[in-house]
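Here's a quick briefing for anyone meeting this structure for the first time. Have a look at the model, then read on for a short tour of its charged pairs and one threonine.

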Amino acid sequence: MVEAFAVASGKGGTGKTTSTLALGMALAADYDVTVVDADTGMANLLFHAGLDDAPVTLHDLLVEGTAADVADATYERHGMRVVPCGTSLAAFEAADPERLRSVVADLAADADVILLDSPATLASKSAVLPVVLADRVVVVLQPTIPSLSDGLKVQEYARSYGTETAGVLFNKVHGDLGSVADQAERYFGGEALGAVPDSDAARAARDAGVPLLAHAPDSAAAGAFRDATARLDPRPGEAGDVADRFRSAVVPNRP
């Protein structure tokens, strides 16, 4: 079985990459999980996962005629497989975003769950592709009007390509969500997966290059991520069917 989730926000600074790795680690307790840094223009997952010296990355797989294999860019970290993306501007310019379809299709053969850390924008083909490819999207929000507004744009775009909403995850929360949670459940699909408190532990984990659930597993934020993951409920699917769908996905020319 395999299901692909896009972890998206529509706004930078929500802690999307921290959330992707935390969800991945929590899911890895029960599933074979692969996390992909699909933010090919502003990649930073490699810094969060201690892979900043990775010799082969997603960028190498997105260049036509590459000699690199998907396995070369896949690294075992903290109980899951991680495909980091490089940070070179030249490599980004040389990459063909449409090749992401084939990469994800190959990864589907060895995974129960694929998490695509998505760009915080809908402004280009490479930015929207993870949302288009995914089965469902986890929308990461801060409890602010601009963040909710941008998250709704992501959801609207995802739905236009048949991608459902798995739920909303509030991150960097100070205090009680109050009426914000009610508003979110009113306008977003899926359930409110949880509210992760703003945390010094998360910042320390990022600085250490270690996912939060490995750096501070007993922190309140780590516990909140595990609780949110328990509500995610991955759905079964045939790996072959998913791979075929990824390979045949129509890539939009513009948002």
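Let's start with an acidic residue out on the surface: Asp207 is exposed, its relative accessible area being 62%. Keep in mind that this is a predicted model. Asp207 has a charged partner in Arg206, and the two make a salt bridge. That's one story among several, as the structure holds eight salt bridges.

**Asp207 and its partner**
- In the Asp207–Arg206 salt bridge, the closest N and O atoms sit 3.8 Å apart.
- Arg206 is partly exposed, at a relative accessible area of 41%, while Asp207 counts as exposed because its 62% is over the 50% cut-off.
- As background, side chains of opposite charge can pair when their charged atoms come close.

**A pair within one helix**
- Asp150 and Lys153 also form a salt bridge, with 3.4 Å between the closest N and O atoms.
- Both of these residues belong to helix α7, which covers residues 145-160.
- Asp150 and Lys153 are three residues apart there, or about one turn of the helix.
- Lys153 is partly exposed, with 46% relative accessible area.

**A pair that links distant parts of the sequence**
- Glu164 and Arg235 meet through their side chains in a salt bridge, at 3.0 Å from N to O.
- Glu164 is in strand β7 (residues 164-173) and Arg235 is in the loop between α11 (220-230) and α12 (239-248), so this pair ties together parts that are 71 residues apart in sequence.
- Glu164 comes out as partly exposed, with a relative accessible area of 41%.
- Arg235 is partly exposed too, at 36% relative accessibility.

**A small network**
- Asp198, Asp200 and Arg203 are joined to one another in a network of salt bridges.

**Thr57, tucked away**
- Where does Thr57 sit? You'll find Thr57 in the loop between α2 (45-48) and α3 (58-61).
- Is Thr57 buried or exposed? Thr57 is buried, since its relative accessible area of 7% falls under the 20% cut-off.
- The Thr57 side chain reaches the backbone nitrogen of Gly86, at 3.1 Å.
- Leaving aside residues up to four places away in sequence, Thr57 touches Ala73, Pro84, Cys85 and Gly86.
- Gly86 therefore turns up twice for Thr57: as one of the residues touched, and through the backbone nitrogen that the Thr57 side chain reaches, with contact meaning heavy atoms within 4.5 Å.

How values were computed. Residues numbered from 1 in each chain as written. Predicted model: local features only at pLDDT ≥ 70, side-chain atom pairs only at ≥ 80, totals over all residues. Heavy atoms only, no water. Salt bridge = Lys/Arg side-chain N within 4 Å of Asp/Glu carboxyl O. Helix = DSSP H or I, 4+ residues; strand = E, 2+ residues; numbered from the N terminus. Buried < 20%, exposed > 50% of the residue type's maximum accessible area, 1.4 Å probe, protein only. Polar contact = N/O pair within 3.5 Å; in protein donor to acceptor, adjacent residues only side chain to side chain.
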